[in-house]
Amino acid sequence: MKVRKVYLVYIVLSVFFFFSCNSFKSKSQDSDTTIHKKAEEAITPGNFNDNSGIKFDSAAIQKFLSEKPLFREFSKEFDTFYRANNFSYVWYDNNGLIETSGTLISAIENIEGEGVTANVPYKDSLDQLLNNIKNVANNNKPDINAELMLTGEYFFYAKKIWAGSLSSKTTSMNWYLPRKKFSYSALLEDNLSKGTLAGVEGPVIAMQHAGLKKALTHYRDIEKQGGEVTVPGISKTIKPNQASTVIPFIRKRLFQLGDVHENDTSDVYDVKLAEAVNYAKLRYGLKPDSLITNSLINEINIPAKKRVEQIMVNMERMRWVTGDTSSNELILVNIPEYTLRYFEDNKEVWNCNVVVGKPMTKTVIFSGKMQYVVFSPYWNVPPSIINGEVLPGMRRNKNYLARHNMEWNGGRVRQKPGPSNSLGLVKFLFPNSNNIYLHDTPSKSLFSEDSRAFSHGCIRVAKPRDLAIRVLQQMPEWTPQKIDAAMHAGKEQYVTLKKTIPVYIGYFTAFMSSDGQLNFRTDVYKRDASLLEMLMQN
């Protein structure tokens with residue numbers, strides 16, 4: 001199955017609103033992911049194994065599922081797959097078990113390396129099957145229990161590793177990005193045809209998965225080694241060339257984490273250590289200013305066990321992300337990263353800082369298609385802000401509306417276009433039921449903060465002019481000069497894009513940057529712990 005243009009999200013991958021996330025109902029939401037497809041649509045019978053054709057009694061499937069109830073959730077997949085292939089053995093050919101069976105068993109034996117903790121169903125039977133595979137004399141005759149066991153284990157693996165074990169519960173976690181859709185049966189056919197195990201990820205998500213999997217092993221190794229260094233807090237920022245008793249702790253901890261490759265006991269903050277500090281600060285979303293601060297110390301003091309859990313949580317989130325979009329452009333906002341990234345042909349070509357919703361007015365996770373650019377916009381003040389801020393302000397000062405360049409408009413309050421408008425000089429609309437969008441802002445200083453959760457839910461863009469130029473590159477008549485004029489015209493103007501651009505608002509606290517570096521971010525909305533608990537129970 002071929003996947004096109006993607007991320008995310010991390011993915012996944014913030015755009016929201018002046019309303020509670022609990023009230024959000026996105027039209028793009030996939031509330032009922034369809035895992036199964038009709039056999040005639042999903043399967044090309046018997047095309048994956050030139051030596052197949054050894055048949056079995058179809059009643060064997062129901063008998064097997066009655067004896068192995070943990071596989072009953074895949075009963076439709078069993079029926080779809082084997083009916084389309086005339087109830088033939090697929091894990092056997094005339095020479096015995098095919099090589100892919102060993103690949104599958106090996107993958108399941110090492111499933112923890114994929115960041116899941118689920119108990120493998122019928123592990124003892126699987127181990128016995130592995131022993132039989134090793135003993136060539138025992139594996140050359142088709143065995144129906146072994147055949148169906150391998151298929152059941154494949155569906156289990158596909159659900160845990162490629163679909164995500166909690167994918168059906170994403171909406172209950174306020175995750176409204178479109179979920180990945182694929183047919184387990186068609187994927188099994190494809191894997192057997194190619195003699196390998198592979199999901200349906202596009203190149204961006206595949207890069208994320210590979211990087212996080214490697215990082216998971218790294219942090220598990222740190223945890224196993226033990227003796228993790230805890231760096232003492234400091235009362236004053238340490239600058240390069242200064243000496244401090246904390247420096248040896250910093251050196252050793254960064255050495256443990258792999259940010260420096262040589263460990264010494266010098267207490268002088270030298271140039272080489274400053275390079276490692278800046279490298280680490282970038283990975284944690286801190287300004288690479290060469291200063292040793294408590295913010296950095298707090299990040300590197302987080303135990304490896306906690307980082308392992310953080311990586312596992314985000315590997316699960318990555319599994320939910322769809323790999324299908326019809327556009328060669330897309331915009332990704334990752335809420336904990338406070339960053340907007342612009343992708344063209346699966347490659348990041350531009351990014352800028354953003355401000356997202358405060359924890360009390362969370363930016364929700366969803367997607368839309370950017371359709372309009374609005375220059376010199378009015379700001380239609382939401383009822384919540386009218387009641388909470390505007391009306392109390394008017395009671396205190398009868399000139400409140402004039403002072404804020406506001407006016408009544410049909411029983412509502414709106415702010416007139418201009419440099420002091422709360423939406424700034426331009427906004428970017430991707431229509432949705434909660435009137436959420438990207439926009440400029442007159443409050444530029446907030447973009448220099450490390451943590452940027454300050455809005456009522458919508459997303460403020462640090463470089464709105466540059467974003468407008470990129471979005472409107474599909475319309476050559478909109479030159480930078482014309483864009484500048486429209487932004488400062490003081491008169492609202494809507495521009496309809498010739499081609500909509502997908503916008504994904506994701507939530508990832510561990511991810512790989514485009515240069516292949518592992519990044520961690522603070523869990524600003526406190527979502528990781530509940531997801532981890534669900535993963536452990538699943």
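Two strands are said to pair if DSSP finds at least two bridges between them. The structure examined here is a predicted model, and strand pairing is described before the empty spaces, the aromatic contacts and some single residues.

Strand S4 covers residues 329–334. S4 pairs with strand S5 (residues 339–344) in the antiparallel sense, over six bridges. Within this pairing, Leu330 has Phe343 of S5 as its bridge partner. The two strands form a hairpin, with four residues between S4 and S5. Tyr338, in the turn of this hairpin, has a positive phi of about 55°. S4 also pairs with strand S15 (residues 493–506), here in the parallel sense and over four bridges. In S15, the residue opposite Val333 is Ile505.

In a regular strand, side chains alternate between the two faces of the sheet. On one side of S4 are Glu329, Ile331 and Val333, and on the other are Leu330, Leu332 and Asn334. The residues on both sides are all buried, and both faces of the strand are thus covered. Because six of the six residues of S4 are buried, the strand is largely enclosed by the rest of the structure.

Rolling a probe the size of a water molecule over the atoms shows where empty space is left. The largest pocket holds about 740 Å³ of space. Its lining consists of 33 residues, and those nearest the centre of the pocket are Leu282, Tyr284, Gly285, Leu286 and Arg521. Two or more lining residues come from each of helix H10 (271–283), helix H11 (294–300), S5 and strand S6 (347–357). S5, the hairpin partner of S4, therefore also contributes to the lining of the largest pocket. By class, this lining has nine nonpolar, 13 polar and 11 charged residues.

The largest cavity has a volume of about 60 Å³. Gly115, Val116, Thr117, Ala118, Lys160, Ser165, Met312, Leu535 and Asn538 form its lining. Four of these lining residues are nonpolar, four are polar and one is charged.

Across the whole structure, 24 aromatic pairs were found. The ring centres of Phe81 and Tyr82 are 5.3 Å apart and the ring planes stand at 85°; the pair is edge-to-face because an angle over 60 degrees counts as such. Phe81 and Tyr82 are both buried. Tyr507 and Tyr525 form a stacked pair, with 5.8 Å from centre to centre and 20° between the planes. This pair links distant parts of the chain, 18 residues apart. Tyr507 is in the loop between S15 and strand S16 (510–512), whereas Tyr525 is in the loop between strand S17 (518–520) and helix H17 (528–537). Tyr507 has a relative accessibility of 0% and counts as buried. Tyr525 is buried as well, because its relative accessible area of 5% falls under the 20% limit.

One aromatic cluster is formed by Phe64, Phe71, Phe74, Phe78, Tyr122, Tyr154, Phe155, Tyr157, Trp162, Phe182 and Tyr184. Phe78, a member of this cluster, is also one of the buried residues of helix H3 (residues 75–84). The buried residues of H3 are Glu77, Phe78, Thr80, Phe81, Tyr82 and Ala84. After H3 comes Asn86, which has a positive phi near 55°.

Glu77 of H3 is in turn contacted by Ser185, whose side chain reaches the backbone oxygen of Glu77 at 3.3 Å. Ser185 is part of helix H7 (residues 184–194). With a relative accessible area of 2%, Ser185 is buried.

A side chain also approaches a backbone oxygen at Asn519, a residue of strand S17. A polar atom of the Asn519 side chain lies 2.9 Å from the backbone oxygen of Gln517. Asn519 has a relative accessible area of 6% and is buried.

Arg470 belongs to helix H15 (residues 464–471). Its relative accessible area is 21%, so Arg470 is partly exposed; the limit for a buried residue is under 20%. Arg470 and Trp350 are 120 residues apart along the chain, and their C-alpha atoms are separated by 9.1 Å.

Methods: Residues are numbered from 1 along each chain as its sequence is written. This is a predicted model: local features need pLDDT of at least 70, side-chain atom pairs count only at pLDDT 80 or more; totals for chains, interfaces and linings use all residues. Side-chain values use heavy atoms; hydrogens and water are left out. Buried means under 20% relative accessible area, exposed over 50%, partly exposed in between (1.4 Å probe, protein chains only). A polar contact is a pair of N or O atoms within 3.5 Å; within protein, one must be able to donate a hydrogen and the other to accept it, and residues adjacent in sequence count only if both atoms are side-chain atoms. On a 1 Å grid over the protein atoms alone, a cavity is a set of points where a 1.4 Å probe fits but cannot get out, and a pocket is an open set with protein on both sides within 12 Å along at least five of seven lines; lining residues have an atom within 4 Å of a point. Grid points are joined across faces, edges and corners, and a volume is the space filled by probe spheres set on the points. Ala, Val, Leu, Ile, Met, Phe, Trp, Tyr, Cys and Pro count as nonpolar, Asp, Glu, Lys and Arg as charged, and the others, Gly among them, as polar. Rings of Phe, Tyr and Trp (its six-membered ring) pair if their centres lie within 6.5 Å; planes under 30 degrees apart count as stacked, over 60 as edge-to-face and the rest as tilted.
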